[in-house]
Amino acid sequence: MTESSITPDVTQQTAAALVSRSFAYDADVLPLAYDGTALTVAVATQNGELVERIRQITRKEIRTVAMPVREIRDALKLVYPAATTRDADSLAAQTLDEIFAEAIRTYASDVHIEPMVDRAGRVRLDIDGVLHHDRTLDGGLFERVVSLVKVRASMNTGESRVPQDGRLCVTFDGRSFDVRASSIPVGGLEKLVLRFLQRFDLVPDLEQLGMASDVLARYQRALRRPGSFCVVAGPTGSGKSTTAYASLQTLRIDRANVCSVEEPIECRMPGIAQIAVNEKAGVTFPVALRALLRQNPHQLFIGELRDADTVSIAMQASLTGISLVTTLHARDALRVPARLAELGANRATLASSLTLAVSQRLVRTLCRRCKIKTSVSSQALAVGRRYGCAPSADACDAHGCEACAFSGFQGRIGIFEILEVKPDLAAAIERGETPAQLRTIAFAAGYRPMIVDALRHVASGATSEGEILRHVAYEDAE
Ligand SMILES: [Zn+2]
């Protein structure tokens, strides 16, 4: 941080575009200039945490100038003109731009825009799976923002009584983002959820997901085997799409014909023929899959297994040598065979086709700036001792500081378990044994439940015991 004296000039508009209006007002930060590398801002007091926060949200080098808070507030009114001076529509457009800018800066996955009382609405950002209040939209502004989103997402603005889906593109700082919009009727008004779809250049490599090295090695080996059938299981929001795309990234090789059927396509990947399911047009998962199979694919990604036809086609495809990755709603890897059987899978076919099930959750990682040392429960120690991952003196807990918006957490990491289907397990699947019976066999072959993987991250101080217990239980290790 260096201090410099600078007179506000035309570059101030560029500077103001980097800092949202709400943040500038809340933190008393006045953007002054941006020279292409460094952003100069006026602040009332020299505060390292604040500067770090500005650096994080703008991702620019920050220079500060001291200025009395009263002068900062007066100048902010000029830099971000007051609402009353603009007409209603352009205010709605400006507000929506600010909401998107804030969502992108904070790496939010979703934006929730929902009605409150007296025609007002609120905006919340889903950051690492937790909703954070962003702003309140007064009366008319809420309705105008909702209708603007619907226009941009090509939704029917005259219809507010039935759920709708749409898609829009948001440009920010020279980058463009695909956003999926959905609306549902709520008490005569509408609630919108805007989800940022993944960009393929941001899809992590498998190595970056946080798998333990032996789990990663076994998973990669299974993925690359011809005719492998790998299922990524977990509830909504567990990060299974990211793992599926990271797996596809691994399989994406120039000479292979890699195809996918998805609903919706969450991430467009160059070099992969992706088909979007469109029920209205008759393009269901089975219809799209049968069409793709006629084109002789080497690798196939099926967005989700959720009906008998799709499951049956998937198993047959793998038995003919096509490598398959798919996702499934199931609590853990041990429940994958039972869940597929419920969906109508023939047990014998399933036993001979299923290669591996991986299950996962995303746990929040502790803010490095403010985490504090702590001790863990006797249960953690007991399970840890049994599996050789006992939480050590490095165990930490959340505290909270400005850098993490006082949540104590920043970012997330995956916790995993994998179930490899070896001959003993395949025989048990064919006999229709329960998840508990499968577990006994799997344990003998090296299966370790997710709680054990999670304790590894507690031991290293990356996350806290309280955080992992939001997702997994010690009973799973017994
Ligand atoms: Zn913190």
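## Exercises on a predicted model

**Exercise 1.** Which residues of helix H16 are buried, and what do they pack against?

*Solution.* Start with the list: in H16, the buried residues are Met450, Ile451, Val452, Asp453, Ala454, Leu455, His457 and Val458. Keep in mind that this is a predicted model. Next, set that list against the helix length: H16 covers residues 450-459, and eight of its 10 residues are buried, so the rest of the structure largely encloses it. Now look for the packing partners: the buried residues of H16 pack against strand E15, helix H13 (378-387), strand E18 (409-420) and helix H17 (465-468). Finally, step just past the end of H16, where Gly461 takes a positive phi of about 80°.

**Exercise 2.** Work out what span helix H8 should have, then find what covers its buried residues.

*Solution.* H8 runs over residues 240-251, which makes 12 residues. The expected span uses 1.5 Å times one less than the number of residues. That gives 16 Å, and the end C-alpha atoms sit 17 Å apart, which agrees. On to burial: H8 is mostly covered, with nine of its 12 residues buried. Those are Lys240, Ser241, Thr242, Thr243, Ala244, Tyr245, Ala246, Ser247 and Leu248. Their cover includes helix H7 (213-224) and the strands E10 (229-233), E11 (258-262), E13 (299-302), E14 (323-328) and E15 (356-366).

**Exercise 3.** How do the axes of H9 and H10 cross, and which residues meet?

*Solution.* Take the geometry to begin with: the axes of H9 (residues 285-293) and H10 (residues 308-319) come within 9 Å and cross at roughly 20°. Angles under 35 degrees count as roughly parallel, and H9 and H10 are therefore roughly parallel to each other. For handedness, H9 passes H10 in a left-handed crossing. Then go to the residues: Phe285, Pro286, Leu289, Arg290 and Leu293 of H9 meet Asp309, Thr310, Ile313 and Ala317 of H10. Sorted by class, that contact has six nonpolar, one polar and two charged residues.

**Exercise 4.** Is Val186 buried or exposed?

*Solution.* Locate the residue: Val186 belongs to strand E8 (residues 175-186). Count its surroundings: Val186 has 12 other C-beta atoms within 10 Å. The cut-off for exposed is 12 or fewer, so Val186 is exposed. It still has partners: leaving aside neighbours within four places in sequence, Val186 is in contact with Glu114, Pro115 and Lys191. Take Pro115 as one of these: its C-alpha atom is separated from that of Val186 by 7.8 Å, with the two residues 71 apart along the chain.

Methods: Residues numbered from 1 in each chain as written. Predicted model: local features only at pLDDT ≥ 70, side-chain atom pairs only at ≥ 80, totals over all residues. Axes fitted to C-alpha atoms, helices over the stretch in contact; angles between N-to-C directions. Helix = DSSP H or I, 4+ residues; strand = E, 2+ residues; numbered from the N terminus. Parallel < 35°, antiparallel > 145°, perpendicular 65-115°, else oblique. Left-handed = near helix turned anticlockwise from the far one by under 90°. Contact = placed C-beta atoms within 7 Å. Nonpolar A, V, L, I, M, F, W, Y, C, P; charged D, E, K, R; others polar. Buried ≥ 20, exposed ≤ 12 C-beta atoms within 10 Å, placed from the backbone.
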